[in-house]
Amino acid sequence: MDLVNHLEGRLLFAVPKKGRLQQATLDLLSGSDVQFRRETRLDIALVKNLPIALIFLPAADIPTFVGEGRVDIGITGRDQVAEHDATLAKGEISGVEEILDLGFGGCKLQVQVPQKGDITEAKQLVGRNVVTSFTALTDAFFRGLEGAQPGEKLQTKIKYVGGSVEAACALGVADGIVDLVESGETMKAAGLKAIDTVVESTAVLVKSRNSKSELLDLIAARIRGVITAQRFVLCQYNIPRSELAVASKITPGKRAPTITALEEENWVAVSSMVEKKRVATVMDELIKVGATDILVLNIANSRTD
Ligand SMILES: Nc1ncnc2c1ncn2[C@@H]1O[C@H](COP(=O)(O)OP(=O)(O)OP(=O)(O)O)[C@@H](O)[C@H]1O
Ligand SMILES: O=P(O)(O)OC[C@H]1O[C@H](OP(=O)(O)OP(=O)(O)O)[C@H](O)[C@@H]1O
């Protein structure tokens, strides 16, 4: 089937075709009941249960397609959006609008130099060779350090490489690099250390500035629901009514905790959304104020404000 001829009338949704953001993105789509089957080697997949076509693209190219309005919505890293926006002319408005921070794919774009060398600050790299896949952000960063005006030639020599950026210092191509760091394992293995941060990034849902439709809002609401469900758990417990005020401060919920009367006099049951990463501390605090029968339940999906 010639899929390109079946795109008419469909919302075009760009997703990473490989790499660090792909699996979490596919999980999000599945949690949002976006059903599709991708044929081997095809970069377009028609969604079976909604008028949407998924376009599989490198994460780095997604802001360009979204920014030019070629696709309506996409998932990529905030670093990639920042790199795209850094290529715009002064005063030019980006065509890419962030709708939602997705929380996964956390990393930092950092200036790195050999651990053993004498460079400890990014400004010591001014006038030297810097290698990166993020040339526009790196240019803007060193422009700031050099105090150079837009259009003025930089003293720092910035060179593009597409991957394995960490090898550049060891091979003598660079005095420093600007590349992504998450755990720091790759940087350490290459004998490098971070001396500055250019941007911090997580995966984001973005839309094309001029794209507007009910379907776009619907898909964004579904994704927001899945993300919220992943971030929160439902915490339920029983507590003497006399301690309810203090317990409610521990579990205020997203809007307010749900309180239900218990058959036992002077006791109530409380149910409240709690951020997953805080839940152990919250349970410790609840025990201290007299809560009993504390249960923590996963949330499969959600729609909240
Ligand atoms: N180590 C990491 N941890 C978390 N997120 C990362 C990491 N590396 C990259 N990312 C995020 O994933 C995005 C895509 O990077 P990734 O290296 O997976 O790209 P790719 O499309 O496979 O390209 P490449 O071929 O250059 O590796 C980055 O822009 C960043 O937002
Ligand atoms: O701090 P860490 O957890 O070690 O992660 C950082 C590495 O991850 C990314 O590369 P990736 O492994 O995706 O491959 P790439 O070099 O081909 O981009 C990034 O470019 C770093 O090399």
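**Figure 1. The C-terminal region in UniProt.** An unreviewed UniProt entry lists residues 229–301 as "domain: Histidine biosynthesis HisG C-terminal". The view is taken from a predicted model. The C-alpha atoms at the two ends of residues 229–301 lie 5 Å apart. Strand makes up 40% of the span and helix 27%.

**Figure 2. Surroundings of F232.** F232 belongs to strand β12, which covers residues 232–240. The residue has a relative accessibility of 8%, so F232 counts as buried; the cut-off for that class is under 20%. Beyond the neighbours within four places in sequence, F232 contacts K254, M273, V274, E275, K276 and I299. One of these contacts, V274, is 42 residues away from F232 in sequence. In space, the C-alpha atoms of F232 and V274 are 5.4 Å apart.

**Figure 3. D293 and its backbone angle.** D293 sits in strand β15, residues 292–298. Its phi is positive, near 50°, and D293 is not a glycine. D293 counts as exposed because its relative accessibility is 55%, and the class begins over 50%.

**Figure 4. The catalytic region in UniProt.** For residues 59–224, the unreviewed UniProt entry gives "domain: ATP phosphoribosyltransferase catalytic". The end C-alpha atoms of residues 59–224 are 20 Å apart. Helix accounts for 28% of the span and strand for 30%.

**Figure 5. Ligand 1 and its polar contacts.** Ligand 1 is surrounded by 15 residues. The closest are K18, G19, R20, D79 and Q80. Three side chains are shown with their distances to oxygen atoms of the ligand. For K18, a side-chain N or O atom lies 2.6 Å from an oxygen atom of ligand 1. For D79, the corresponding distance is 2.8 Å. A polar side-chain atom of Q80 is also placed 2.8 Å from an oxygen atom of ligand 1. On its own, ligand 1 has 610 Å² of accessible area, and the protein covers 74% of that.

**Figure 6. Ligand 2 and its polar contacts.** The residues around ligand 2 are R20, S164, E166, D179, L180, V181, E182, S183, G184, E185 and T186. R20 is also among the closest residues to ligand 1. From a polar side-chain atom of T186 to an oxygen atom of ligand 2 the distance is 2.4 Å. R20 places a polar side-chain atom 2.8 Å from an oxygen atom of ligand 2. In the side chain of D179, an N or O atom is 3.3 Å from an oxygen atom of the ligand. Taken alone, ligand 2 exposes 490 Å², of which the protein buries 66%.

**Figure 7. S164 beside ligand 2.** S164 is one of the residues surrounding ligand 2. Its place is in the loop that runs between β8 (157–160) and α5 (167–170). S164 has a positive phi of about 45°, although the residue is not a glycine. With the protein chains alone as cover, S164 has 63% relative accessibility and therefore counts as exposed.

**Figure 8. H84 in helix α3.** Helix α3 spans residues 78–86 and contains H84. The relative accessible area of H84 is 14%, so H84 is buried. The side chains of H84 and D85 are joined by a polar contact of 3.0 Å. Apart from neighbours within four places in sequence, H84 contacts P63, T64, S94 and V96.

**Figure 9. The largest nonpolar core.** This core holds 27 residues. F13, I52, L102 and L205 touch the most other members. At least two residues each come from β1 (11–16), α1 (22–31), β3 (52–57), β4 (73–77), β11 (203–208) and α7 (214–231). Helix α7 gives the largest share, seven residues. Not counting residues up to four places away in sequence, L102 touches L28, I75, A203, V204, L205, I223 and I227.

**Figure 10. A second nonpolar core.** This core is separate from the largest one and has 17 residues. Its members include A122, F134, L154 and I195.

Methods. Residues are numbered from 1 along each chain as its sequence is written. Chains are lettered from A and ligands numbered from 1 in the order in which they are written. This is a predicted model: local features need pLDDT of at least 70, side-chain atom pairs count only at pLDDT 80 or more; totals for chains, interfaces and linings use all residues. Side-chain values use heavy atoms; hydrogens and water are left out. Helices (H or I, at least four residues) and strands (E, at least two) are DSSP runs, numbered from the N terminus. Buried means under 20% relative accessible area, exposed over 50%, partly exposed in between (1.4 Å probe, protein chains only). Contact means heavy atoms within 4.5 Å. UniProt positions are given in the numbering used here, feature names are shortened, and annotations may be inferred rather than shown by experiment. A residue is near a molecule or strand if one of its heavy atoms lies within 4 Å of it. A polar contact is a pair of N or O atoms within 3.5 Å; within protein, one must be able to donate a hydrogen and the other to accept it, and residues adjacent in sequence count only if both atoms are side-chain atoms. Accessible areas come from the Shrake-Rupley method with a 1.4 Å probe; for residues, only the protein chains shown count as cover. A nonpolar core is a set of buried Ala, Val, Leu, Ile, Met, Phe, Trp, Tyr and Cys residues joined through side-chain atoms within 4.5 Å.
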